[in-house]
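Here are my notes on the two-chain model you sent, set out as numbered points. Please read them with the coordinates open.

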Amino acid sequence: MNDWDRIGPQLAEATWDTLYMVGVSTVLTVLIGVPLGVLLTITAPGALSPSPAVHRVLGLLVNLGRSLPFIILLVLVAPITRGIVGTTIGSTATIVPLTIGAVPFLARLVESSLREVGPGKVEATLAMGARRRDVVRTVLLPEALPSLVAGITVTVVALISYSAMAGAIGGGGLGDFAIRYGYQQFRTDITVATVVLLLVVVQVLQWAGDRWARRLAHV
Amino acid sequence: MIELRDVRKVFPARRGAAEVVAVDGVSLSVADGEFAGVVGPSGSGKSTLVRLVNLLERPTSGQVVVDGQVLTDLDDDGVRRARRAVGMVFQHFNLLDSRTAAGNVEHPLELAGIGKAERRRRVADLLDLVGLADRHASRPAQLSGGQKQRVAIARALAARPKVLLCDEATSALDPASTAGVLDLLRQVRADLGLTVLLITHEMAVVRAVCDSAVLLDRGRVVDGGPLTEVLTRPHSPLAAQLLPAPAVAGARGDLVRVTVTEAAPEGRVLRVLAGELGLDVEVVGGSVETVAGRRFGRLLLSVTGGDGRLDAALQRLRDGGSLVERATPGDEPPPLGAHDEPDGAAPDRLVVPHLLDAPEVQR
């Protein structure tokens, strides 16, 4: 059991893989999920740019993504992953299902954040002669920013848990490591070590996200 | 400067709610530089009416004209440009929490595409104008209600509008802040030559700042005109709201209603009745206030010992310019706001097309 000098670097590499997968998919999720959340919000009935058809279709897509268990989604999107990355194994390949799984999640969080922005602020800005995109850019997003940061933090934490799950089908990272060494080789100490590492990563991210959100809030 | 021509706004029926006629054929005009008020009970359509002026609500029918431009004929782009000439102030300020006081004032200037140096200069001037130069870096959360409304007024004036709309601008403020904000509105109106349309349910606000007012009830204008004229008009429902007539019921003796104006002060009435005729005169109720900068009031006198001389004396007073009449219980205008009565009992529609028909209105 005194093989930690061999396992240690591998654990460090697995941690790096997890951070890489989660980092890249967070960026992609924000890039896709925030605009999607904005669209969901402004196309709602009585909102800035009501469009029942668009709203319904987007809502359906988001609900579909949200209702699928992630492990099923992993398998379902495998052909898409192969098309984009060329393989379904490894941490780079895992970024695709992670992003597809997290986008609907974040889009709903963004929607509820933007809905919290007082309609009076929107009205006041329209009264200044603003265009609708000005309202999104100068009112909805900046006013909801603290809440958006909190939502992104929750999404990152969810991504870490998804990434560990992806390990079950060869996705790389800490989840993969815990299954191959801890579970399949009956090494409870390795399982515990990965759990502790995951816990530390989640704690640090949540703490940083909370701090950032608090700094942005001026109310 | 502002003209509404037979404007209707109907909100279509939605799930569980019937169609609502919020504004029902309103015509009114506000002259250049006028400070006009719209009053009425809650649900009378005031807030919808003010939103029709800058087309935040599109009218179902009728025309909206601001500064000679028919806004209802413009496309979305034209409406947006026209809105820059109309500032708006709200009950709940509607400042952005993510921006400082200066940032909020800068917002409309950014939207108008004005360069940074020019924006900075104008923001400093505007904060100075509203007396908040030292609070430019404060967030709305760090400001009092009165200060927030001052920032909102600075923001509304930033794009140099010709018209300022105030939607219950003082209704969320304490009396001291209300007085301060009203002083500021009066000052900017005079300094910048603005036309102001103010919506309120507080009659004290109208008395303090307005030149003219209309009374809205169930989406219709039921009374209106220059305040100096409205208040001397007998049985005007708007005058009854602005200066409630003292209750007649329960008073004894011969009752005389006196309308007090600067041209017809109450002193002469009292002198004739009590001094010359030697009658017993008591003031049963009433008040005298400053309205549109002038003294106005309504008093109810109880006169005893008249022995038939009272009517002749009142006629003599009237001939001399005093506004006096006999009062009997039940002859006051009915109060507004009792909206559950059948529609047939609604007062006949009275259109007041021009608020400034009377010549003696102060500007």
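1. Strand pairing needs a definition before the points on sheets can be followed: two strands are taken to pair if DSSP finds at least two bridges between them. The model is a predicted one, and what follows should be read with that in mind.

2. By that criterion, strand β12 (residues 280–291) of chain B pairs with strand β13 (residues 294–304) of chain B, the two running antiparallel and being joined by 11 bridges. Within this ladder, B:Gly286 has B:Leu299 of β13(B) as its bridge partner. The hairpin formed by β12(B) and β13(B) has two residues between the strands, and B:Ala292 takes a positive phi near 50 degrees there.

3. Chain B also holds an open sheet of four strands in the order β2-β1-β4-β5, with antiparallel pairing. The edges are occupied by β2 (20–30) and β5 (69–70) of chain B, each of which has a single partner strand, so one side of each is left without a neighbour in the sheet. Strand β1 (residues 2–11) of chain B and strand β4 (residues 61–66) of chain B run antiparallel and are joined by five bridges; in one of these pairings, the partner of B:Arg8 is B:Ser61 in β4(B).

4. The domain assignment divides chain B into domain 1 (2–85 + 161–230) and domain 2 (246–326). The C-alpha centres of domain 1 and domain 2 of chain B lie 36 Å apart, and the contact between them takes five residues from domain 1 of chain B and four residues from domain 2 of chain B. On the side of domain 1 of chain B that touches domain 2 of chain B, the residues divide into two nonpolar, one polar and two charged.

5. Is B:Val205 buried or exposed? This residue, found in helix α7 (residues 203–209) of chain B, has 24 other C-beta atoms within 10 Å and is therefore buried, the cut-off for that class being 20 or more. Leaving aside neighbours within four places in sequence, B:Val205 is in contact with B:Thr170, B:Leu182 and B:Thr200. The C-alpha atoms of B:Val205 and B:Val291 are separated by 9.7 Å, although their positions lie 86 residues apart along the chain as a sequence separation.

6. Turning to chain A, the secondary structure comes to nine helices and zero strands, and its C-alpha atoms fill a box of roughly 70 × 40 × 25 Å along the principal axes. Of the 219 residues of chain A, 43% count as buried. Among contacts in chain A between residues at least 6 apart in sequence, 67% join residues at least 24 apart.

7. Helix α5 (residues 91–115) of chain A deserves a separate look. Its 25 residues reach 35 Å from the first C-alpha to the last, which is close to the 36 Å expected at 1.5 Å a residue, and yet α5(A) bends by about 30 degrees at A:Ala102, with a proline, A:Pro104, following within four residues. Because 22 of its 25 residues are buried, α5(A) is largely enclosed by the rest of the structure.

8. Finally, the contact between the chains takes 19 residues from chain B and 18 residues from chain A. On the side of chain B that touches chain A, the elements giving two or more residues are α2 (76–83) and α3 (101–111) of chain B. By class, that side of chain B has eight nonpolar, five polar and six charged residues.

Definitions and conventions:
Residues numbered from 1 in each chain as written. Chains lettered and ligands numbered in written order. Predicted model: local features only at pLDDT ≥ 70, side-chain atom pairs only at ≥ 80, totals over all residues. Contact = placed C-beta atoms within 7 Å. Nonpolar A, V, L, I, M, F, W, Y, C, P; charged D, E, K, R; others polar. Buried ≥ 20, exposed ≤ 12 C-beta atoms within 10 Å, placed from the backbone. Expected span 1.5 Å × (residues − 1). Bend = angle between axes of the 7 residues up to and from the residue. Domains from an automatic or database assignment.
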